[in-house]
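Q: I am new to this structure. Please take a close look at its nonpolar core, and then place that core in its setting.

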Amino acid sequence: FHAHTNPLFSELKLLKLPDIVKMNNIIFIHNVLHNKAPIIFDNFFTFSKRQHKYNTINNPNSKYSIPKGSLEIPKTNLQIGKKSIKYACSESWNTTLKDLSKKHSILAQNENWLKDLTITKLKKLLKNNFIDNYHLQ
């Protein structure tokens with residue numbers, strides 16, 4: 001019972017619960033950006049604007065990098081604020097976008113590449129990405 005589960009999840013092509021949550025967060029944002037969510041969420045997410053051109057944000061290997069197409073993450077000092085839907089979804093989008101941008105650098109040149117995917121392609125890309133990451137852990 002001490003064996004790692006990653007090989008099983010990878011072999012069976014199943015997602016772990018945290019990855020299912022991330023995937024649904026990203027799909028929710030995708031639906032909001034394409035006006036397929038309730039009206040109350042219109043303008044709920046905004047794309048971040050780059051403040052400067054220093055290597056910290058442009059270098060994809062930097063922990064401070066901000067890939068093109070990232071969302072604004074709400075400012076909060078409280079842990080409860082980090083559990084809000086806006087914060088959690090934006091964080092999921094940005095971390096996954098950063099990971100995918102490293103793997104698909106040609107696509108990442110267009111800042112809306114993740115937003116422009118169809119929902120079917122997005123789901124497939126996300127699932128494959130999460131399962132591929134199980135090999136790396």
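A: Among contacts between residues at least 6 apart in sequence, 61% join residues at least 24 apart. Contact here means heavy atoms within 4.5 Å. This is a predicted model, in which local features need pLDDT of at least 70 and side-chain atom pairs count only at pLDDT 80 or more, while totals for chains, interfaces and linings use all residues. Residues are numbered from 1 along each chain as its sequence is written, and side-chain values use heavy atoms, with hydrogens and water left out.

The term pLDDT is the predictor's confidence in each residue, from 0 to 100. Its mean over the chain is 86. Of the residues, 87% reach 70 or more.

Next, the framework. The chain has six helices and zero strands. From the N terminus on, the order is α-α-α-α-α-α. Helices (H or I, at least four residues) and strands (E, at least two) are DSSP runs, numbered from the N terminus. Confidence varies among these elements: helix α2 (residues 17-33) has the highest mean pLDDT, 97. Helix α3 (residues 55-58) has the lowest, 54.

Now the core. A nonpolar core is a set of buried Ala, Val, Leu, Ile, Met, Phe, Trp, Tyr and Cys residues joined through side-chain atoms within 4.5 Å. Buried means under 20% relative accessible area, exposed means over 50%, and partly exposed is in between (1.4 Å probe, protein chains only). Of the 137 residues of the chain, 35% count as buried.

The largest nonpolar core has 25 residues. W93 and L114 have the most contacts inside this core. Four helices each supply at least two of its residues: α2, α4 (85-103), α5 (113-116) and α6 (119-136). Helix α2 gives the largest share, seven residues.

Start from W93. Setting aside residues up to four places away in sequence, W93 touches I26, I29, H30 and L33. W93 also touches G69, S70 and L71, then L114 and K115.

One of those partners deserves a stop. S70 lies in the loop between α3 and α4. S70 has a relative accessible area of 3%, so it counts as buried. Beyond its neighbours within four places in sequence, S70 is in contact with T46, F47 and S48, and also with W93, N94 and L97. S70 and E91 are 21 residues apart along the chain, yet their C-alpha atoms are separated by 9.2 Å.

Move to helix α2, where V32 lies. V32 counts as buried because its relative accessibility is 7%. Apart from neighbours within four places in sequence, V32 is in contact with A37, F41 and F45. V32 and F45 are 13 residues apart in sequence and 7.9 Å apart in space, C-alpha to C-alpha.

Two exposed residues follow in the loop between α2 and α3. N35 is found there, and N43 is found there too. N35 is exposed because its relative accessible area is 60%. N43 reaches 72%, so it is exposed as well. N35 has a positive phi of about 55 degrees although it is not a glycine. Phi of N43 is near 60 degrees, again a positive value in a residue other than glycine.

Back to the N-terminal helix, α1 (residues 6-12), the place of L8. S10 is found in helix α1 as well. S10 is buried because its relative accessibility is 9%. Not counting residues up to four places away in sequence, S10 touches I131, Y134 and H135.

L8 belongs to a surface feature. With L12 and L14, L8 makes a nonpolar patch of about 300 Å². Patches are made of residues with over 30% relative accessible area and no salt bridge, joined within 9 Å for like charges and within 5 Å for nonpolar side chains (Val, Leu, Ile, Met, Phe, Trp, Tyr). The accessible surface of the chain comes to about 9500 Å², and 58% of that belongs to carbon and sulfur atoms. These areas come from the Shrake-Rupley method with a 1.4 Å probe; for residues, only the protein chains shown count as cover.

Last, charge. A salt bridge is a side-chain nitrogen of Lys or Arg within 4 Å of a carboxyl oxygen of Asp or Glu. The whole structure has one salt bridge. D99 forms a salt bridge with K103, with the closest N and O atoms 3.7 Å apart. D99 and K103 both lie in helix α4, four residues apart, about one turn of the helix. D99 is partly exposed, at 22% relative accessible area. K103 is partly exposed, at 37%.
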